[in-house]
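Please open the model in your viewer and keep the sequence panel beside it, since this tour moves from one selection to the next and says what is to be found at each stop.

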Amino acid sequence: MPSMNNGKSIRVLCPKLILPRTNDEPLQWLIGSPFFPQFTIVSTVRCLHYSPSDSLSPDFSKEVDDLRSLIIRGFHVIGALITGKNGDLVQLAKQAITAASKLKEVLYDGENLGNFDVIGGVSGLSGDEVKFFVANSGNLMNVEVVECVLYEEKPENYVWERGCLLKCELPIKLPVYFPANNDSDAMGRFLHANEALATMFRDPQLTFILEALDKFSDALPRPVVVRGSELDFQTDISDIKLLDDIAKKSDGKSLCCSYFCLERKPAVDVESADTIQVTVLLNKSIISPQSVAPVAEYCPAPEEAILRVVDYKLEVICYAVKDLPLSHAVSKLMIPALLDQLTTMKNIIARSFLAQHPQIRPYHFRPPGILHPITAIYELSYGETELKQVEARRSLHLRLGLPSDRPLLRVANALKVAKSISNEGVSSKKGYSLLKDVHAGIPSSGVSGGLMSLVQGSYEYHHYLQNGFDDSGWGCAYRSLQTIISWFRLQHYTSIDVPTHREIQEALVEIGDKDPSFIGSREWIGAIELSYVLDKLLGVTCKVMNVRSGAELPEKCRELALHFENQGTPIMIGGGVLAYTLLGVDYNDASGDCAFLILDPHYTGGEDLKKIVNGGWCGWKKAIDSKGKSFFLADKFYNLLLPQRPNMV
């Protein structure tokens, strides 16, 4: 029996501890950080590769290949969780602990990770509760149950108020020579060249320049130089007390990551985190009292040889607590991260070294529900819509527990780690600034006890007279369509530009809906025409809701709420006299009281958010307001266009 009342507790930071269940992947890896208390679960990822004979026995070789590049340094595997299995909880926990211990052993081979307990979690078929156990260093003879589980209320603050990011970009051109008449020797030469390259990362003549990566401030700390000869590769970075002692002996704060962390509002997410840029240089120059000339050494090949230049573009990010000495951030985080990425890229290139060199690039993402960045390495030889690339993203979605009907890991979703000056809530189109998400922060709807269902994601506000184009009196549906297409752009379903009025008209002529004379005209369009354009330009299908009278629109609130909850796209309201964009509904199912969040394209002023909100151009509208005035006309019909979210990754 496992011991109890041991005073240990599990702290859960991740919003989703149990990932959406699948039939074939019952095991999840628990991710923590060497900088946090050892039973702190920051995130969890699904195990995808198993032994053919046992659904609870991972294929460690494949799992290590994937996780080595996926989980950034500063976070590591601390345990495993078995879901959807009933039986002896202790035995299942031991299986989870065994799997996690083996994975750590292979993944972090030879690294000093300290004497960590390993967590084993079990969740039954009901999936409503997780039972946690721990074993000292994975020793199954000493398994303890942990009764106390704490769920952090502000997990992102917990992570980013304590830490910062380190970033390094390192392009490498690696020459590989091999005999022209002996292809079998080529792979050996390639692997040998990579081994020689890997050993250079511990060369005492390497020099690392660290500097603040922040364009918001003019008063940045001076760069710090860390030399390879000063690095300590043995210290356990989880021993915070030891690191504190090292920092104090080495002039304290000036040699810690906090030296580059600016005094301002605390970071609350990865986008606002302080970032340290690391530049790697190899200093082969030796100070000599004598003047000497450069020497070039010529080594002729004994036989005809072929030269292949392997183009590596390493780009890594790491997480570090602010009290970590800079030298340890380099030796224990940055160098291992560069070696991890080099190994992953080498393995990909090795599959087709003689045939072709794939274009491999790393990208960093912070998907919703995951507190820290992850890294994906993509082969750019394949287009994003080609099957191989789609399957790679689909696999990542499954591992991370992400929905499979929206693009969250495309290149356009990648993190922009370098901070730059920008206006929050503003995007730019052809030199013209457009407001984004103008409904954020508007006053409440006034519906008592209502359930609010809103557009999911960002959009641009398109309205009359923008870009110097006068469409007043006829262009409201065009503007609503532009807002809808901007939503699909900003959610990365498409990369096309938001079309102009003329381009919208040309699309309708091309599909045969309109005569050529329609181009350049001021003719109105409605919901049906919008659906044709969305289908042609984006491949997006739409549902059309017909309402015979504006007085019947409140009866559709339940259906509209389901649309925003399941699809999340903006809705165009046409028919009647005017066109609007619907961004949400607030509906009380019991009383029938409701309100509609309307974005009005008839606004003709400048991009002034306060003026737009105060003027009611974006706001909640009751079907009948407090003065008895109807927003929707009872004697007019309405067509509502409900764009459907494409099922894609």
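**A stop on helix 7**

Begin by selecting Ser395, which counts as partly exposed because its relative accessibility is 32%. The model in front of you is a predicted one, and this residue lies in helix 7, which spans residues 387-400. If you now add Glu144 to the selection, you will have two residues that stand 251 positions apart along the chain and whose C-alpha atoms are separated by 34 Å.

Keep helix 7 displayed and add helix 1, residues 60-70; the two pack at an angle of about 85°, with their axes 13 Å apart. Since angles of 65 to 115 degrees count as roughly perpendicular, helix 1 is therefore roughly perpendicular to helix 7. To see the contact itself, show the side chains of Glu63, Asp66, Leu67 and Leu70 on helix 1, together with Leu396, Arg399 and Leu400 on helix 7. Sorted by class, this contact of helix 1 with helix 7 consists of 4 nonpolar and 3 charged residues, with no polar ones.

**The whole chain**

Zoom out before going further, and the protein chain can be taken in as 12 helices and 27 strands. Along the principal axes, its C-alpha atoms fill a box of roughly 90 × 70 × 55 Å. Of the 649 residues in the chain, 50% count as buried. Among contacts between residues at least 6 apart in sequence, 71% join residues that are at least 24 apart.

**Helices 8 and 9**

Next select helix 8, residues 476-490, and helix 9, residues 501-510, which pack at an angle of about 90° with their axes 10 Å apart. That angle is why helix 8 is described as roughly perpendicular to helix 9. On the side of helix 8 the contact is made by Tyr478, Arg479, Leu481 and Gln482, and on the side of helix 9 by His501, Ile504 and Gln505. By class, the contact of helix 8 with helix 9 has 3 nonpolar, 3 polar and 1 charged residues.

Follow the chain into the loop between helix 8 and helix 9, where you will find His492. The phi of His492 is near 65°, a positive value in a residue other than glycine, and His492 is partly exposed, with a relative accessible area of 22%. A further example is Asp437, which is not a glycine either and has a positive phi of about 50°. Asp437 belongs to the loop between strand 20 (432-435) and strand 21 (451-454), and at 21% relative accessibility it counts as partly exposed.

**Aromatic rings**

Now colour the aromatic side chains, among which the count comes to 21 aromatic pairs. Select Phe35 and Tyr319, a tilted pair with 6.4 Å from centre to centre and 55° between the planes. This pair links distant parts of the chain, for Phe35 sits in the loop between strand 2 (27-32) and strand 3 (40-41), whereas Tyr319 sits in strand 16 (residues 305-321), 284 residues apart. Both Phe35 and Tyr319 are buried. Extend the selection to Phe36, Phe75, Tyr158 and Trp160, which form one aromatic cluster together with Phe35 and Tyr319.

Which arrangement do the rings of Phe632 and Tyr638 adopt? Their pair is edge-to-face, with 5.6 Å from centre to centre and 85° between the planes. Phe632 is buried, with a relative accessible area of 3%, and Tyr638, at 4% relative accessibility, counts as buried too.

Two further rings can be viewed together with a charged side chain. The charged end of Arg202 sits over the ring of Phe233, 4.2 Å from its centre, and the charged end of Lys514 sits over the ring of Phe518, 5.3 Å from its centre.

**Last stop: Val122**

Finish by selecting Val122, whose place is in strand 8, residues 117-123. Is Val122 buried or exposed? With a relative accessible area of 2%, Val122 is buried. Leaving aside neighbours within four places in sequence, the residues in contact with Val122 are Leu81, Ile82, Lys85, Leu89, Leu92, Ala93, Glu129, Val130 and Lys131. For a final distance, select Val90 as well: Val122 and Val90 are 32 residues apart in sequence and 8.6 Å apart in space, C-alpha to C-alpha.

Conventions: Residues numbered from 1 in each chain as written. Predicted model: local features only at pLDDT ≥ 70, side-chain atom pairs only at ≥ 80, totals over all residues. Heavy atoms only, no water. Axes fitted to C-alpha atoms, helices over the stretch in contact; angles between N-to-C directions. Helix = DSSP H or I, 4+ residues; strand = E, 2+ residues; numbered from the N terminus. Parallel < 35°, antiparallel > 145°, perpendicular 65-115°, else oblique. Contact = heavy atoms within 4.5 Å. Nonpolar A, V, L, I, M, F, W, Y, C, P; charged D, E, K, R; others polar. Phe/Tyr/Trp six-rings, centres within 6.5 Å; stacked < 30°, edge-to-face > 60°. Buried < 20%, exposed > 50% of the residue type's maximum accessible area, 1.4 Å probe, protein only. Lys NZ or Arg CZ within 6 Å of the ring centre and 35° of its normal.
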